[in-house]
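Hi,

Here is the model I promised to pass on. Have a look at it first, and then read on for my notes.

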Amino acid sequence: MDLSALGALDPRLMGLMAQLSTINAAPEGEARDAAWECISSQLEVLKTELAPPPPPPPCPRPVIIGLEPLSGNHVKSLAESANDPALEAQLRPSFPSPYQPADAEWFVKYSSEAAPSVFRAIVLDSCCVGVVSLELRVPAESNTFTLGYWVTPKHHGKGIGGQAVTKFMKEVLASPPPGLSRIEATAVEGNVASQRILARAGFVMDGLMKDFLLRRDGEVRDCLLFSYPLVGGGEVAGGGSVWLRANFVHAADHAGDELEFLMDHVMEVEEETGKILRVEAADSEWGRGGGGGKRSWLVGSGDRKPSSLQFVTPGFVDTHIHAPQYSYTGSATDKPLMGPDGWLESYTFPAESKLTGDRERALDVYGKVVGRTLKNGTTSALYFGTIDVAATKILADVCVAKGQRGFVGKVCMDRNSPQNYSETCEEGLAGTVELIEYVRGLDAFRKGLLHPVVTPRFIPTCSPELMRGLGDIAEKYDCLVQSHLSESVDEVAFVQQIHEGEGSDADIFEKHGLLRRGVAAHSVFCSDADLKKMGSANMAVAHCPLSNFYFAGGSLDVEKCESCGVDVGLGTDVAGGYSYSMLNSMRMGVVNARNKLNWKAAFRLATQGGANALGMGETLGSFAVGKELDAVLWNAEGAACLDVWEGEGAEDVFQKIMTLGDDRAIGRVFVRGRRVL
Ligand code: GUN
Ligand code: FE
């Protein structure tokens with residue numbers, strides 16, 4: 001008899017074994033045989049009892065609907081879709097339905113939209129009744145595997161939601177069913193933990209779904225919609241490397257004033273870190289697959305030469321943009337910066353103050369500006385928020401959720417500001433520290449995807465105490481500083497009035513410990529001495545040619561900045577500059593400089609120059625091995641914004657994209673080796 005199958009430690013088995021040894025020791029004869037018989041039959045019974053359960057039927061192809069909280073209507077829909085009335089009967093009594101009819105409607109709407117090309121995971125706030133977790137499996141033909149989780153108040157906050165999402169992602173990503181384009185998930189607006197879980201799993205935020213969830217207490221809540229693209233099966237393979245086959249264009253260090261075109265090259269990227277491991281021609285031995293192993297491609301299947309109308313460039317780095325001003329960008333172009341009826345007083349301060357205490361508006365405006373800039377190829381942005389810490393944290397969250405590299409600052413201003421949009425020096429300092437601590441607590445900070453920035457608005461609105469305090473904070477936390485320096489004729493005149501005899505803007509910053517690693521927007525009226533000081537302090541300049549046109553009364557000499565040792569990046573300065581597109585900053589930079597800056601130099605400023613300005617020049621800005629892959633895939637093929645003709649060379653087609661293109665010529669956007677658009 002094979003006893004090993006019985007499970008050696010079961011106490012009943014141990015008892016029978018003990019009896020067996022007694023019987024073995026007894027003299028042979030009928031009594032001993034009878035005892036043997038008896039023990040054998042008991043062992044047979046035990047064997048059946050202890051046998052491992054039969055393996056579950058093979059898991060059908062997965063599709064997902066995860067939901068929480070669970071209501072009676074959900075149970076009904078799930079049980080119906082599983083075609084299992086017994087399940088409904090079993091579950092229904094424990095779930096009275098407080099959610100009618102709205103949740104039934106959305107469930108039906110979204111679940112019917114789901115199959116077969118969209119996975120949908122709904123991860124909602126946990127406030128609920130009943131079962132802790134439940135899995136339903138429905139027949140393979142329906143192509144639906146439902147993973148749901150429900151959290152009792154007792155289990156609330158125990159990370160069950162996170163476990164469910166993690167499990168769900170693992171299962172789906174292990175073998176993504178063909179034909180599926182994306183997975184979607186929602187998290188209740190305000191549920192930072194859920195948002196973080198999704199962001200960690202690689203989801204990016206798509207927007208706000210208004211009135212999406214009707215809670216048990218009757219409250220209607222909005223949800224953030226996240227999605228996870230499943231592209232070509234490649235990027236979800238997990239572990240190791242991902243590959244990209246493309247025509248790469250970048251401002252390589254060794255290429256001088258030219259751009260380097262790496263036509264039909266293969267790039268290997270470390271999946272975990274987004275680091276570029278290797279770049280070689282596709283027809284080299286390694287490019288052709290030498291080294292073995294199946295390659296997971298970020299785009300397409302890697303077996304075809306890329307179209308000569310497609311290019312991959314480093315993502316743009318916008319070194320100066322005001323996120324809250326996105327709401328009025330494209331308007332207010334006819335006012336001077338300063339003065340009682342100026343642009344700041346009549347448009348900027350009212351628009352920024354509207355975000356204080358209004359999460360919904362902050363989410364809306366910040367969701368749109370981050371989404372819009374990403375869509376236009378900006379993979380890193382140095383943002384001014386508002387004076388409100390809560391809203392600025394939302395800006396940070398939105399950057400993380402959407403996958404843009406965010407450099408985010410809470411604006412500080414304690415004088416010469418409107419009464420309803422001002423703060424005390426103490427509030428400015430405490431708020432800055434609060435934001436820094438918040439950002440430093442996020443995983444995205446550790447990964448270099450999110451950075452806190454000390455942000456005195458500009459000298460006119462900051463008291464000397466505030467400037468000094470902010471300088472100390474920047475020193476203590478080793479943070480970037482951003483501000484506006486020597487921006488316009490009226491600003492310079494105002495500073496001279498309130499800081500008589502204290503020198504230039506750069507001198508005043510230096511005096512207060514603010515001339516340090518960071519980015520000064522504009523700096524149009526900085527003297528050579530100012531620029532040299534800034535260069536030695538690692539304070540770069542954000543060149544914003546479009547807003548200079550409206551406000552400055554002068555223009556920046558990029559060459560002079562660089563010859564004084566100052567790094568220069570380009571900025572959109574939304575909404576002082578009306579365009580959110582870095583392509584327009586490049587074009588305006590060329591126009592502004594007349595013949596001193598060509599399109600290639602402008603491209604360098606928009607990529608490597610911006611990375612240098614943010615102190616990230618070793619990590620971003622080009623496709624050098626060891627840098628992280630932040631990139632844009634441009635596609636002139638059929639793009640509605642430009643025409644190309646047979647026989648045009650790669651450089652001409654690429655220049656057309658840079659000169660005439662817009663977001664319609666952008667196919668994909670990647671940050672840290674992951675697709676975000
Ligand atoms: N100077 C002070 N605040 C601002 C602002 O919001 N935008 C611009 N362009 N200049 C400023
Ligand atoms: Fe600005």
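Below is what turned up, going from the whole chain down to single residues.

Some housekeeping: this is a predicted model, so local features need pLDDT of at least 70 and side-chain atom pairs count only at pLDDT 80 or more, while totals for chains, interfaces and linings use all residues. Residues are numbered from 1 along each chain as its sequence is written, chains are lettered from A and ligands numbered from 1 in the order in which they are written, and side-chain values use heavy atoms, with hydrogens and water left out.

**Overall**

The protein has 677 residues, and 56% of them count as buried (buried means under 20% relative accessible area, exposed over 50%, partly exposed in between, with a 1.4 Å probe and protein chains only). Its secondary structure comes to 21 helices and 22 strands; these are DSSP runs numbered from the N terminus, with helices being H or I of at least four residues and strands E of at least two. Taking contacts (heavy atoms within 4.5 Å) with a separation of 6 or more, 72% are between residues 24 or more positions apart.

**Helix α17 and its surroundings**

Helix α17 (residues 545-552) is mostly covered, with six of its eight residues buried. Those six are Pro 545, Leu 546, Ser 547, Asn 548, Phe 551 and Ala 552. They pack against a mixed set of elements: helices α8 (343-353), α14 (489-498) and α19 (582-592), and strands β17 (518-522), β18 (539-543) and β19 (568-570). Just after α17, Gly 553 takes a positive phi of about 75°.

One of those partners, α8, holds Phe 349. Phe 349 is buried, with a relative accessible area of 3%. Leaving out residues up to four places away in sequence, Phe 349 touches Leu 344, Met 413, Pro 418, Tyr 421 and Arg 457. The C-alpha atoms of Phe 349 and Ser 417 are 8.3 Å apart, with the two positions 68 residues apart along the chain.

**Backbone spots to check**

Most residues other than glycine have a negative phi, and most peptide bonds are trans. Here are some places to look at with that in mind.

- Ser 486, in the loop between β16 (480-485) and α14, has a positive phi near 35°. Ser 486 counts as buried, at 3% relative accessibility.
- Asn 538, in the loop between α16 (528-536) and β18, has a positive phi near 65°.
- Val 574 and Ala 575 are joined by a cis peptide bond, with omega about 5°. Ala 575 is in the loop between β19 and α19.

**α20 against α21**

The axes of α20 (residues 599-613) and α21 (residues 650-660) come within 11 Å and cross at roughly 60°. Axes here are lines fitted to C-alpha atoms, for helices over the stretch in contact, and angles run from 0 to 180 degrees between N-to-C directions. Trp 599, Lys 600 and Phe 603 of α20 make the contact with Glu 651, Phe 654, Gln 655 and Met 658 of α21. By class, that is four nonpolar, one polar and two charged residues (Ala, Val, Leu, Ile, Met, Phe, Trp, Tyr, Cys and Pro count as nonpolar, Asp, Glu, Lys and Arg as charged, and the others, Gly among them, as polar).

**Empty space**

The whole structure has three cavities of 30 Å³ or more. On a 1 Å grid over the protein atoms alone, a cavity is a set of points where a 1.4 Å probe fits but cannot get out, and a pocket is an open set with protein on both sides within 12 Å along at least five of seven lines; lining residues have an atom within 4 Å of a point. Points are joined across faces, edges and corners, and a volume is the space filled by probe spheres set on them.

The largest cavity holds about 90 Å³. Of its 13 lining residues, Leu 337, Trp 343, Leu 344, His 484 and Glu 487 lie nearest the centre.

The second largest pocket holds about 360 Å³ and is lined by 20 residues, with Arg 245, Val 299, Gly 300, Pro 306 and Gln 310 nearest its centre. Strand β8 (241-250) is among the elements that supply at least two lining residues each, and its four residues are the largest share.

Cheers
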